[in-house]
Amino acid sequence: MSNSTKKIIHGISRRDILKLSAAGSAALILPWGSSSLSFAKKSPAIEHFVDPLPKPRVFSPIVQGQVIDEYNVFMQQIQHELHSDIGPVTTVWGYGDRDGVSSPGPTFEVSKGRTARVRWNNMLSADANEAHYLHQHYSVWDNIHGAVDNRKAVVHLHGGHIAAAVDGYPSDTILPTEFAEYDYKIDQQAATLWYHDHALGNTRLNVYMGLAGFFLVTDAVEQQLIANGSLPSSEYDYPIVIQDRKIKKNGQLAYHTLFDDSFFGDVAVVNGKAWPYLDVESGKYRFRLLNGSNSRVYNLQLGDGSIPFVQIGSDGGLLESPQEIYSLMLTPGERADVVIDFAYPGLNAGDDLVLINTQPSRPMEEEDEDPLLELMQFKIHSANVMQNVVLPATLSSIEKLSENDAVQERYFTLDDEYDAAIGDSKWLINGLEFDDIEEVVQNGAVEIWNWVNKSDMIHPMHIHLVQFQILGRYESVENSEGDLVPGADLGLDAGETGWKDTVRVGPKEIVRVIARFDGQSSGLDHELFPYHCHIIEHEDHEMMRQFKLQYV
Ligand code: C2O
Ligand code: CU
Ligand code: CU
């Protein structure tokens, strides 16, 4: 068990990456402490590619009805083994049931047309007032809207087309010893969704502690593709969540004690393990990649970048056709469904292929203080092709939303502003906060939303309830009135042509998206849904607002 970095073939050196990332970037001073003094230590060295990649088990319903599957899920503090050299000592928060609790939590698998009825039990403490595991300086509680020093939780189904009452509204808090029961009526197409904590002001802490898992929706279209031998399935289908963590000498998770607007760990944790490996046969595998990190953006490649990913799906489901790509940018909250062919020309049994991240933690700085180059390793252990999947030319048909159908176009600036109350700047949307509800969307309306990034960093913008389509990504230019308007078309990634719920908005870019805001709760007068930056430190402070979906 000693596969360290020297055994990588198809590798790339760290120096190459640094060269790559420094090219064309200028040193800038960040508005907020970018490397807070409260937090400078590095994690102890941990050997890479020692532990196998875990696959989260699938939840089994406690009751299976005609259309309703019932689950009884606990949130619990557990001791977790991040790496076999550290041992099962790390305190994390997980989800689970009577068959066990884990982080990431077990995976839900639900078919379109069925309802998952989930009782979410907060068992993070027996004492409703016990302090949070990650102790924060008292000033943080005053400064973050809605934050408190307790173990409140609420579960959000990210990407779910569901009612606001079960969406995990940030203040629908479940305190320890309490529970909430949510009915998820699944009426959307097959997609890789995920569930994670969304407690107002505490989300970054709760997700960092481990409260996240997959929620896979399947449907007849996808099942037909699998039956036809057009998609890898079961043991050839892995959900993979990539997270970054900082670890203390005693094996415990480390996090800022003062507020910082970003977090970058130096340990790659994939499905809960530090730098794992996966034994693969030389055939095709489906990997549902999720960036479940708080702040880190990944630009993924396989080894030296000569082996492709074939992207087959985005946040909201299958693409129209498979897209061969050699690098894949994934911002927090985004998913990419990819197929990797370990029989690709040039790969042989016995080869190791490392999943690499070429994106620096803070691209605007000259040197990367917190690089995270290697993520996990694939070991091609047999020449046998155990299945013979042939990807089809067409995966699905996607109804193109037309600009002509849009009844509203809205603009949202993304920027940080000085807040006298806290004596520092904070990230906001249109300079407004969570309780400033200004956008009233008529149920069923098609709208165009423009994300106008005035800042020098990427913001992954996420809208609850809907899956949207990206109309374009542009350089922003100032017009004669001083407004920022779309300039040069920067184009979209191959994988950005399908349904999305989270989109990368790069420095000084304008990204236009279009969605049909179709609610699930006719009978109500209105519902409220959040939209926010998915850098969770930004979301908490407080780059999260809400729109009103108006039914009547
Ligand atoms: Cu995954 Cu409101 O977030
Ligand atoms: Cu969401
Ligand atoms: Cu942001």
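**Notebook: copper sites, rings and cores**

I began with the copper ion (ligand 3). Its protein donors are H459 (ND1), C533 (SG) and H538 (ND1), and they lie 2.0 to 2.2 Å from the ion. I kept in mind that this is a predicted model.

Next I looked up the spacing of these donors in sequence. For the copper ion (ligand 3) the pattern reads H-x73-C-x4-H. I then placed two of the donors on their strands. H459 belongs to strand β28 and C533 to strand β33, so this pair ties together parts 74 residues apart in sequence. Are H459 and C533 buried or exposed? H459 counts as buried, at 0% relative accessibility. C533 is also buried, at 0%.

**Second copper ion**

I moved on to the copper ion (ligand 2). Which residues coordinate the copper ion (ligand 2)? I found H156 and H462, each through NE2, at 1.9 Å. H156 sits in strand β7 (residues 155–158), while H462 sits in strand β28 (residues 459–463), so the pair joins parts that are 306 residues apart in sequence. I checked burial here too. H156 has 1% relative accessibility and counts as buried. H462 has 0% and is buried as well.

**Aromatic pairs**

I turned to the rings. A pair of aromatic rings is described by the distance of the centres and the angle of the planes. I noted a count of 32 aromatic pairs. I picked F108 and Y195 to look at. Their ring centres are 5.2 Å apart and their planes meet at 75°, so I logged the pair as edge-to-face, the term for angles over 60 degrees. F108 is in strand β5 (residues 105–111) and Y195 is in strand β9 (residues 191–197), so the pair ties together parts 87 residues apart in sequence. F108 is buried, with a relative accessible area of 0%. Y195 is buried, at 1%.

I looked up another pair, F412 and Y531. These rings are edge-to-face, with 5.2 Å from centre to centre and 65° between the planes. F412 lies in strand β24 (residues 406–419) and Y531 in strand β33 (residues 526–533), so this pair links distant parts of the chain, 119 residues apart. Both F412 and Y531 are buried.

I also traced one aromatic cluster. Its members are F59, Y71, Y95, F108, W120, Y182, Y184, Y195 and F215.

**Charges over rings**

I searched for charged ends above rings. The charged end of R119 sits over the ring of F179, 4.0 Å from the ring centre. K379 lies over the face of Y277, with 4.0 Å to the ring centre.

**Nonpolar cores**

I ended with the cores. In soluble globular proteins, nonpolar side chains tend to be buried together. How many residues are in the largest nonpolar core? I read off 91. Those that touch the most other members are F108, W120, Y184, F215, F287, L300 and F378. Strand β2 (residues 68–80) gives this core its largest share, 5 residues.

I took W120 and listed its contacts, leaving out residues up to four places away in sequence. Among them are V73, M75, Y95, F108, V155 and I174. E178, F179 and A180 are also on W120's list, as are Y182, Y184 and Y195.

Apart from the largest core lies another core, of 31 residues. Its members include A164, L414, F517 and C533. I had met C533 before, as a donor of the copper ion (ligand 3).

Key: Residues are numbered from 1 along each chain as its sequence is written. Chains are lettered from A and ligands numbered from 1 in the order in which they are written. This is a predicted model: local features need pLDDT of at least 70, side-chain atom pairs count only at pLDDT 80 or more; totals for chains, interfaces and linings use all residues. Side-chain values use heavy atoms; hydrogens and water are left out. Rings of Phe, Tyr and Trp (its six-membered ring) pair if their centres lie within 6.5 Å; planes under 30 degrees apart count as stacked, over 60 as edge-to-face and the rest as tilted. Helices (H or I, at least four residues) and strands (E, at least two) are DSSP runs, numbered from the N terminus. Buried means under 20% relative accessible area, exposed over 50%, partly exposed in between (1.4 Å probe, protein chains only). A charge sits over a ring if NZ of Lys or CZ of Arg is within 6 Å of the ring centre and within 35 degrees of the ring normal. Donors are N, O and S atoms within 2.8 Å of the metal (3.2 Å for Na, K and Ca); water is not among the atoms, so sites may look incomplete. A nonpolar core is a set of buried Ala, Val, Leu, Ile, Met, Phe, Trp, Tyr and Cys residues joined through side-chain atoms within 4.5 Å. Contact means heavy atoms within 4.5 Å.
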